[in-house]
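Reader: Could you walk me through how the strands and helices fit together in this one?

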Amino acid sequence: MPTTTHPRLGRLTGTLRQAVRTGRVVTTGPDYDAGRAIWNGAVTARPGVIVRCADPAEAQAAVLAARENGVPLSVRGGGHDWGGRSLSDGGLTIDLSGLRRVTVDAGAKVAEVSGGATAADVVRAAQPFGLTAATGSAGSVGMAGLTLGGGYGPLSGRFGLALDNLLSADVVLADGTVVTTDHEREPDLFWALRGGGGNFGLVTSMRVRLHEVPTLLSGMVLFPWEQAGTVLAGLPDVLDGSPDELTVQFGVLAGPDGKPLVFLSPTWSGDDAAAGERALARLDTLGTPLVSQIAPGTMPELLAGIDAQFPFGRHVEIRPRWVPSLTSGVRDALSLAGSTLTSPYSAVSVHSLHGAAARVPVTETAFGNRDPHLMIEVIALWEPGDPRAAEHRAWAAGLTGALDPDTLPGGYPNLLGEDEVARIAHAYGPNTERLLAAKRRYDPDHVFRAIPLPDPS
C-alpha cells in the first residue's frame with residue numbers, strides 16, 4: 001500500500017478514465033504491476049493510479065488532470081532511476097514506457113525519439129543506417145531521462161555527453177501547454193533541460209543528433225586483484241594521453257568466483273582502426289590480464305552487455321562522486337572497495353569526462369561540471385531477501401567516505417540520492433541560480449519532480 005493516498009485520488013481517477021481513451025488507467029492488477037516495475041527492486045513506492053499512455057495527448061491529459069486535482073505526479077520512462085523518483089507514492093504516475101518509437105532521418109543524421117524509448121531502442125534503430133547515438137553505458141536506461149540529466153557514455157569523449165546531442169524537445173508544461181523547445185524556441189527551457197532533468201515539464205518526444213562510427217572497437221580487460229595497485233597506478237598515463245576517440249570506463253567488480261577484479265572497458269570510436277588497436281594495446285601493458293577481449297562491435301552489443309550484468313529487480317544503492325583525477329587517494333579508495341566487497345553483484349564504475357564533453361563551456365547548458373574529471377559510481381547491489389542488505393549499504397557508505405578527501409563539490413545529478421543535500425547544493429555549479437530561475441518560470445508550483453535540484457531557499 002502507498003504511504004499516503006491523496007484525498008482527491010478517486011476524482012482524479014474518474015477524470016483520467018474519461019480522458020484516456022486508448023491507454024490504460026490502472027490502480028491494481030497486472031498492468032498496474034508492470035507500470036510500477038522499475039530497475040531497483042528495493043523501491044516500495046506504490047502510486048495511487050498509473051496512466052499507461054498510448055500517445056502524447058494522453059500524457060498531456062494526465063498532467064492537466066493532476067494539476068486540476070492537486071495530486072502529485074511523477075513520470076516513468078525507462079524506470080531506471082535507482083532512487084525510484086519515477087513512482088509517485090500514493091499519487092499519479094504517468095507511464096511513458098509504451099511510447100518507444102524511434103524514427104531515423106539518415107540524411108540529416110537525426111533520430112526522433114519518443115519519451116519512453118530506451119537507449120537500446122535508439123541505437124538499434126540507428127544501426128542499419130551506419131549511425132549511432134551518444135548514450136550511456138546501459139541499454140535499458142530511458143533515453144530521455146539519461147539525456148536530460150547528463151549522459152556519460154562510451155562515446156562522450158568524441159561526441160560529448162548525451163545532453164550535448166539534444167537538438168529539440170516537445171514538452172508538456174505544468175499548465176498543459178505543449179511547446180517545442182530548441183536554441184531558438186523557448187531557449188531558456190532548452191538550456192535548463194540539458195542538465196536540469198525533467199523538472200520543467202514532461203518530454204513526450206525529442207530529436208537527437210546521430211553520428212557515423214564506422215569503426216567501433218570495444219571489450220573488456222580484466223586484471224587479478226593482486227595487480228590492482230600496479231594497474232591503477234599506471235592508468236592515469238593512459239587516460240591523460242587519450243584522444244577523443246578513446247573512452248575508458250574502469251573500476252572494480254567481482255569475478256565468477258566472487259573475488260574482486262580490476263576491469264577496464266575501453267571503446268574506440270575513431271575512423272582509423274589501426275590507431276585504435278594501438279591505443280587499446282596500451283591497456284594490456286598495465287599488468288598481466290586474466291582476460292583481454294577487444295574486438296569490433298556495435299553499440300547495441302556494447303549496451304546489451306551492461307544490461308546483462310545489471311538486470312532489473314535486484315536491490316540497489318548508488319553513491320556518485322566527482323574526483324578531478326585518479327590520485328593516489330582515489331586509487332587507495334578503489335583498492336579498499338575491492339578488498340571489502342560484501343556482495344558479488346556490487347561494483348565500482350568510473351566514467352571519464354574528457355575530450356568533446358570537456359570543451360563545452362560550463363554555462364552553455366545546465367550541466368554543472370565541464371572540467372575534465374572522473375565520475376565514480378559506487379554501486380551496492382544485492383538480491384531481494386539478502387539478510388546482509390545493511391552491510392552492502394555500509395560498504396557503499398564506507399567507500400564514499402574514503403573518497404571524501406579527493407572528492408569535488410557536487411555530484412552527478414542523475415545519480416544523486418535525495419538525502420545528499422550538501423552535494424545537491426553544488427551539483428550545478430555556476431548554473432544554479434539560472435536553473436532555479438527557469439524552475440520558477442516554467443514550473444512555479446513544482447508539479448514536476450525529477451532529479452534533485454538545490455533548495456531555492
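**Strands and helices, pair by pair**

Author: Sure, and keep in mind that this is a predicted model. Let's begin at one end of a strand pairing: Ala254 has a bridge partner in β14, and that partner is Pro260.

Reader: How many bridges do β13 and β14 pair over, and in which sense?
Author: β13 covers residues 246-254, and β14 covers residues 260-268. The two run in the antiparallel sense, and the count of bridges is nine.

Reader: Which residue takes a positive phi in the hairpin of β13 and β14?
Author: Five residues sit between the strands of this hairpin. One with a positive phi, near 85 degrees, is Gly258.

Reader: Is β13 mostly covered or exposed?
Author: Look at both faces of the strand. Leu246, Val248, Phe250, Val252 and Ala254 point one way, Thr247, Gln249, Gly251 and Leu253 point the other way, and all are buried. With nine of its nine residues buried, β13 is mostly covered.

Reader: In β17, what is the bridge partner of Val252?
Author: β13 also pairs with β17, residues 347-353, in the antiparallel sense over four bridges. Within that pairing, the partner of Val252 is Val348.

Reader: What is the order of strands in the open sheet of five?
Author: Pairing in this sheet is antiparallel. Its edge strands, each pairing on one side only, are β5 (102-105) and β9. Neighbouring strands are turned by 15 degrees against each other on average, direction ignored. Reading across, the order is β5-β6-β10-β8-β9.

Reader: Why is β8 largely enclosed by the rest of the structure?
Author: β8 spans residues 166-172, and buried here means under 20% relative accessible area. The strand counts as largely enclosed because the number of its seven residues that are buried is six.

Reader: In β10, what is the bridge partner of Ser168?
Author: β8 pairs with β10, residues 202-209, in the antiparallel sense over six bridges. Across from Ser168 in β10 is Arg207.

Reader: Which residue in the turn between β8 and β9 has a positive phi?
Author: β9, residues 178-181, pairs with β8 in the antiparallel sense over four bridges. Two of the partnerships are Val171 with Val179 and Val172 with Val178. The two strands form a hairpin with five residues between them, and the turn residue with a positive phi, about 90 degrees, is Gly176.

Reader: At what angle does α7 run to β8?
Author: Helix α7 takes in residues 187-196 and lies across β8, β9 and β10. Relative to β8, α7 runs at about 100 degrees.

Reader: How is α1 oriented relative to α3, roughly parallel or antiparallel?
Author: Helix α1 (residues 9-19) and helix α3 (residues 56-69) pack with their axes 10 Å apart, at an angle of about 155 degrees. Angles over 145 degrees count as roughly antiparallel. That's why α1, relative to α3, is roughly antiparallel.

Reader: How do the residues of the contact of α1 with α3 divide into nonpolar, polar and charged?
Author: The crossing of the two helices is right-handed. On the α1 side the contact uses Arg11, Leu12, Thr15, Leu16 and Ala19. From α3 come Ala61, Ala62, Ala65, Ala66 and Asn69. By class, the residues of this contact are seven nonpolar, two polar and one charged.

Conventions: Residues are numbered from 1 along each chain as its sequence is written. This is a predicted model: local features need pLDDT of at least 70, side-chain atom pairs count only at pLDDT 80 or more; totals for chains, interfaces and linings use all residues. Side-chain values use heavy atoms; hydrogens and water are left out. Axes are lines fitted to C-alpha atoms, for helices over the stretch in contact, and angles run from 0 to 180 degrees between N-to-C directions. Angles under 35 degrees count as roughly parallel, over 145 as roughly antiparallel, 65 to 115 as roughly perpendicular and the rest as oblique. A crossing is left-handed if the near helix is turned anticlockwise from the far one by less than a right angle, and right-handed if clockwise. Contact means heavy atoms within 4.5 Å. Ala, Val, Leu, Ile, Met, Phe, Trp, Tyr, Cys and Pro count as nonpolar, Asp, Glu, Lys and Arg as charged, and the others, Gly among them, as polar. Buried means under 20% relative accessible area, exposed over 50%, partly exposed in between (1.4 Å probe, protein chains only). Two strands pair if DSSP finds at least two bridges between them.
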